[in-house]
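Thanks for opening this one up with me. Please take a look at the structure below, then read the notes beside it at your own pace.

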Amino acid sequence: MTATAKRTSAEYHQRARELEAASAERPVKIAVLASFTAELLKPYIVVESADLGFRIAPWFAPFGQLEQVIMDPASPLWKGEYDLIWIALRLEDLDPHLHHEHPALGPERTTARLDALRSRVIAAAKAARANTRATLLLSNFAFSSLYAPGVFDASDPNGFGHLLAATNWQLAKDAAAVSDTHVFDYQGVVNASGASGWADPKLWYMARAVCSAPNHAALAQGLARAVSALVRPAVKCIVLDLDNTLWGGVLGDDGIEGIKLGDDYPGNVFKEFQGALLGLHQRGFLLAIATKNDEATVLEALRSHPEMVLREKHFASIFANWDSKPANLRRIAEALNIGPDAMLFIDDNPVERAQMRAELPMVHVLELPTDTTSYVAALLDCSLFDRPRLLLEDRHRGEIYEQSRERLKHLESGASLEQALRDLRMMAQVGEAGPQTLDRIHQLIQKTNQFNVTTRRHRLEEVRDLSKAPDAKVAWLRLQDRYGAQGLVCVGILRKLEPHCWEVDTFLMSCRVGGRRVEAAFMGYLAELARGAGATRLRGVFRPTSKNEPVRRLYPELGFRSVPASSKDSELVFEIELEDGVLPWPDLIAREENPKRHDA
Amino acid sequence: MPEPLELRVRRVVSSVLGLPIEQVTLKTSNDDVENWDSLSIVNLMMAIEEEFQVGLSPEEAGDLLSVELITQVLQEKLA
């Protein structure tokens with residue numbers, strides 16, 4: 001992020017209008033409640049979100065009205081069906097003299113004033129949460145150049161900077177206690193852009209502008225990244241070239257001893273790049289290789305080079321051959337069962353990147369700089385890795401795929417499929433959603449494309465409400481087998497249609513457990529839940545999308561009969577009578593009862 | 001030959017206010033453009049300062065009410 005705008009102000013206005021006129025897809029609707037003139041950000045937000053590949057349509061509450069807008073049930077805030085509400089209060093707007101008064105006030109009274117501001121933000125968030133399922137984003141507090149602390153402020157343990165940092169820390173803790181509520185790192189954006197040039201006093205005094213004209217772009221970019229991370233799926237897999245990407249030089253020409261990788265330039269550039277990729281791997285991004293190289297040499301280099309940070313086990317898929325990169329990327333997508341639109345391609349060669357863009361335009365391509373010393377910065381600045389939080393499943397994803405290669409070898413070992421599945425010794429645990437599982441359930445609802453019969457992207461708050469509603473049930477399944485735990489892989493939501501008929505609102509499964517009868521087990525569990533709630537009939541709907549063709553026949557294959565669809569032509573409707581013995585739990589999956597009804 | 005000042009001003013006004021360039025004349029002013037409001041004046045100020053590499057005082061910003069006035073302010077600034 002830089003303070004230098006990519007476009008002039010006039011160009012932002014022009015481009016924003018073009019985007020607003022042209023865009024067909026539904027934008028992410030956000031409401032902005034600010035203590036400054038946030039409307040000035042509008043064209044920047046529209047353009048910066050488009051640069052990240054989506055569109056934000058902002059609405060601005062009247063300046064300085066926070067509680068009024070939130071507390072009034074008739075306010076436009078509650079009519080707009082916003083996906084996200086940004087509460088952007090600034091210290092310098094709401095308590096402008098605190099910084100000047102701090103030395104005389106002393107730490108206790110200064111902290112009390114900061115606490116009042118933080119409490120106001122949290123109270124507003126809680127009041128909003130009671131009214132909306134929208135994601136909430138709360139700005140933290142920053143210094144701007146107008147309010148820069150004194151030279152020895154940092155030397156004083158009670159200096160203003162330290163008290164402000166403590167306030168921001170407490171804000172983060174308070175926000176974490178309100179569901180689907182996150183801190184927007186306003187302070188981070190200010191610092192990244194340069195606190196000394198952040199504000200333009202003239203624009204502030206004249207118009208209550210949040211910052212200088214060029215910094216409007218930086219703030220909008222920071223906001224667009226945060227919104228993107230909150231409402232859009234992250235990439236799942238990073239596909240890497242090797243020569244001059246993961247190491248310096250050409251393996252085929254230079255040999256394993258000749259490639260550049262180590263603790264001194266130029267090898268240290270590549271070693272750190274690998275370290276950054278390992279960090280991403282540990283955060284749940286899969287790594288794969290698509291390289292024009294001899295496979296045996298590549299494996300030898302990954303196994304034996306003493307300075308190699310990334311080893312064979314870190315890669316979910318390796319394709320080393322002389323085929324085109326798009327062809328190999330397709331193979332990786334197929335092997336890992338993920339869509340090309342969830343993949344990021346990294347290659348130092350601009351010709352390869354251009355070919356990828358031309359043949360597979362949905363694949364994300366990192367614009368790797370020619371200067372290798374900027375590799376790490378280019379990688380870490382990529383917004384596609386932004387995520388609001390890391391779930392347990394993310395941390396273990398790499399291992400899970402590692403196990404799955406073992407499992408695949410097992411399933412291909414020659415025994416009958418039935419026997420091979422038995423030998424996996426699968427064990428499933430099922431239960432209803434509770435506080436421990438909601439985040440993962442929501443994550444799967446957001447990102448599962450293929451094995452998803454309705455693709456209803458419920459928000460976190462909706463799922464929470466459904467999990468507590470008397471006429472709905474939210475259920476999950478966890479799977480493990482002899483190769484390890486796969487985590488929570490199935491999500492189902494049931495809703496009561498009539499006293500004796502319940503409908504499967506959502507039925508989805510992570511593709512990594514496909515082909516193992518897990519779906520039959522989970523449908524059996526949902527049928528039990530429906531029966532337990534008094535249902536005698538279960539209804540299922542298939543809503544086709546561009547990606548869920550694999551589950552078109554799921555219901556008939558499980559024994560449901562087709563019934564005429566009522567409203568929408570493309571929807572397929574199925575029903576089954578919940579008589580004894582229908583939808584049996586497959587005996588090749590052992591079942592572990594969840595001891596508690598809720599997993600809290 | 002560099003582009004005349006008035007044409008450059010018309011371009012900025014056109015971009016910021018969302019008017020087709022051919023509809024923006026020397027006489028175009030806040031009287032006949034509905035969204036030429038106080039917010040637009042700040043937007044115009046930001047865009048003009050950047051386009052012409054000048055700093056406008058808040059008082060000068062108050063004069064950003066027509067293409068003609070903007071051109072006059074800039075002529076004085078750039079003279």
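The numbered points below go from chain B to the salt bridges of chain A and then to one of its helices.

1. A word before we start: this is a predicted model. Please keep that in mind as you go through the points, since every value here was computed from the predicted coordinates.

2. Let us begin with chain B, which has four helices and zero strands. Reading from the N terminus, its elements follow the order α-α-α-α. The radius of gyration of chain B is 11 Å, close to the 12 Å that the globule rule gives for 79 residues, so chain B is as compact as a globular protein of that length. Along the principal axes, its C-alpha atoms fill a box of roughly 30 × 30 × 20 Å.

3. How much of chain B is buried? Of its 79 residues, 46% are buried. The accessible surface of chain B comes to about 4100 Å², and carbon and sulfur atoms account for 49% of that surface. As for contacts between residues at least 6 apart in the sequence of chain B, 50% join residues at least 24 apart.

4. Charge is worth a look in chain B too. The chain carries 5 positive and 15 negative charges, and the mean positions of the two groups are 8 Å apart.

5. Now to the salt bridges. Side chains of opposite charge can pair when their charged atoms come close. Over all chains, a search of the whole structure finds 51 salt bridges. One of them pairs Arg90(A) with Asp93(A), at 2.9 Å from N to O. Are these two partners buried or exposed? Arg90(A) counts as buried because its relative accessibility is 5%, under the 20% cut-off. Asp93(A) is buried as well, with a relative accessible area of 12%.

6. Next, please find Arg129(A) and Glu461(A), which form a salt bridge whose closest N and O atoms are 3.9 Å apart. This pair links distant parts of the chain: Arg129(A) lies in helix α5 (residues 98-129) and Glu461(A) in helix α19 (residues 460-468), 332 residues apart. Arg129(A) is buried at 12% relative accessibility, and Glu461(A) is buried at 6%.

7. Helix α19 of chain A has another link of this kind. The side chains of Asp465(A) and Arg133(A) meet in a salt bridge at 3.0 Å, N to O. Asp465(A) sits in helix α19, while Arg133(A) belongs to the loop between α5 and β4 (135-139), and the two are 332 residues apart. Here the partners are partly exposed: Asp465(A) has a relative accessible area of 34%, and Arg133(A) stands at 36%. Both belong to one network of salt bridges with shared partners, which also takes in Arg26(A), Asp83(A), Arg459(A) and Glu462(A).

8. Finally, which residues of helix α18 of chain A are buried? They are Leu438(A), Arg440(A), Ile441(A), His442(A), Gln443(A), Leu444(A), Ile445(A) and Lys447(A). Eight of the ten residues of this helix (residues 438-447) are buried, so α18 is largely enclosed by the rest of the structure. The cover over these buried residues includes α16 (392-411), α19, β12 (472-481), β13 (484-498) and β14 (501-509) of chain A. You have already met α19 above, as the helix that holds Glu461(A) and Asp465(A).

Note on methods. Residues are numbered from 1 along each chain as its sequence is written. Chains are lettered from A and ligands numbered from 1 in the order in which they are written. This is a predicted model: local features need pLDDT of at least 70, side-chain atom pairs count only at pLDDT 80 or more; totals for chains, interfaces and linings use all residues. Side-chain values use heavy atoms; hydrogens and water are left out. The radius of gyration is taken over C-alpha atoms; the globule rule is 2.2 Å times the number of residues to the power 0.38. Buried means under 20% relative accessible area, exposed over 50%, partly exposed in between (1.4 Å probe, protein chains only). Contact means heavy atoms within 4.5 Å. Accessible areas come from the Shrake-Rupley method with a 1.4 Å probe; for residues, only the protein chains shown count as cover. Lys and Arg count as positive and Asp and Glu as negative; His and the chain ends are not counted. The place of a charge is taken as NZ of Lys, CZ of Arg, CG of Asp or CD of Glu. A salt bridge is a side-chain nitrogen of Lys or Arg within 4 Å of a carboxyl oxygen of Asp or Glu.
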